[in-house]
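Reader: Please take a close look at a single part of this model and its surroundings, and describe what borders on it.

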Amino acid sequence: MKKPLATLLLALLSATALADDGKLEPSVADIAHRWARINYQAPTKEHEKAFKELAEQADKLVVAEPGKPQPMVWEAIVLASYAKANGGLGALSAAKQARDLLLAAEKIDPQTLHGSVYTSLGSLYAKVPGWPIGFGDKERARKYLDTALKMNPKGIDAHYFYADYLADKGDYAAAVEHLQQALAAPPRPGREDADAGRHKDVQTLLDEIRSKHADKLAAR
């Protein structure tokens, strides 16, 4: 039985921001493609086990390639996905591990994968519960998401997660604008599987906002 914390972490990232644009190293690309298959194709009931196993593989890559930021970013992404699938007390521990990996990657190369460090950190700080339960911080989340957009102003993830943040704050009109820009984002070569899945995420959030908050959009 899942712990009450599950309800607080259920929205954790849609599995964190995907590493946006930038050429993936072959070993990291394998992790990314496996992540996309699990997240967008595997039954939800299989996610927890699959992401846990993938996180272990990603960690081996981080150990084997010390000092490289790409493996760190992708281990963080997988850990955040595992946190969402787990939903219990273990979710918060995994989220903290993801945060620490991203902060370590930032110190090595803040521009790795076109600002994915900041998109992912922003998503984590926006979705994780705040003190005393977790480390969530809405203001810090916004600063990270702002930085991500400045570094990658046409990125699908940068716009999607900023829109998700704005929707949570009740700024639906601005959220719609960012979702429309996410849909217009240029494709990422070699990332077709991730792009297809993220486009569905974007459209789902856009439809939800337009359906539930049409009156607020019209009043803008």
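Author: A residue is called buried when its relative accessible area is under 20%, exposed when it is over 50%, and partly exposed in between (1.4 Å probe, protein chains only). This is a predicted model, in which local features need pLDDT of at least 70 and side-chain atom pairs pLDDT 80 or more, while totals for chains, interfaces and linings use all residues. Residues are numbered from 1 along each chain as its sequence is written, and side-chain values use heavy atoms, with hydrogens and water left out.

By that scale Asn 152 is buried, with a relative accessible area of 7%, and its place is the loop between α7 and α8, where the helices (DSSP runs of H or I, at least four residues) are numbered from the N terminus. Although Asn 152 and Gln 111 are 41 residues apart in sequence, their C-alpha atoms lie 9.7 Å apart in space. The helix that follows this loop, α8, is the part I will examine, and a few values for the whole chain give its setting.

The protein chain has 11 helices and 0 strands, and 53% of its 220 residues count as buried. Of the contacts (heavy atoms within 4.5 Å) between residues at least 6 apart in sequence, 70% join residues that are at least 24 apart.

Helix α8 runs over residues 156-169. Its 14 residues reach 20 Å from the first C-alpha to the last, close to the 20 Å expected at 1.5 Å a residue, the expected span being 1.5 Å times one less than the number of residues. The helix is mostly covered, since 12 of its 14 residues are buried. Among these buried residues are Ile 156 and Asp 157, the aromatic run Tyr 160, Phe 161 and Tyr 162, and further along Asp 164, Tyr 165 and Leu 166. The cover over the buried residues of α8 includes α6, α7, α9 and α10. After α8 comes Gly 170, whose phi is positive, near 90°.

The next helix, α9 (residues 172-183), can be read from its own side. Its 12 residues should span 16 Å at 1.5 Å a residue, and its end C-alpha atoms are indeed 16 Å apart. Tyr 172, Val 176, His 178 and Leu 179 are among the residues of α9 that are buried, and the buried residues of α9 pack against α8 as well as α7 (138-151), α10 and α11 (214-218).

A cavity also borders on α8, and the search of the whole structure finds 1 of 30 Å³ or more. A cavity is a set of points on a 1 Å grid over the protein atoms alone where a 1.4 Å probe fits but cannot get out, and lining residues have an atom within 4 Å of a point. The volume of the largest cavity is about 40 Å³. Its lining consists of Gly 122, Ser 123, Ala 126, Lys 127, Leu 145, Phe 161, Asp 164 and Tyr 165. Both α6 (116-127) and α8 supply at least two residues of this lining, with the largest share, 4 residues, coming from α6. Phe 161, Asp 164 and Tyr 165 thus appear in the lining and also among the buried residues of α8.

Charged side chains add a further link between α8 and its neighbours. The structure holds 11 salt bridges, each a side-chain nitrogen of Lys or Arg within 4 Å of a carboxyl oxygen of Asp or Glu. In one of them, Arg 198 meets Asp 157 with 2.8 Å from N to O. Because Arg 198 lies in helix α10 (residues 192-212) and Asp 157 in helix α8, the pair ties together parts that are 41 residues apart in sequence. Arg 198 and Asp 157 are both buried.

Another salt bridge in α10 pairs Glu 208 with Lys 212, at 3.8 Å from N to O. Here the two residues lie in one helix, 4 residues apart, or about one turn. Glu 208 counts as partly exposed at 38% relative accessibility, and Lys 212 is exposed, with a relative accessible area of 58%. Salt bridges that share partners join Asp 157, Arg 188, Asp 195, Arg 198 and Asp 201 into one network, so Asp 157 of α8 is tied to Arg 198 of α10 within that network.

Terms used
On a 1 Å grid over the protein atoms alone, a cavity is a set of points where a 1.4 Å probe fits but cannot get out, and a pocket is an open set with protein on both sides within 12 Å along at least five of seven lines; lining residues have an atom within 4 Å of a point. Grid points are joined across faces, edges and corners, and a volume is the space filled by probe spheres set on the points.
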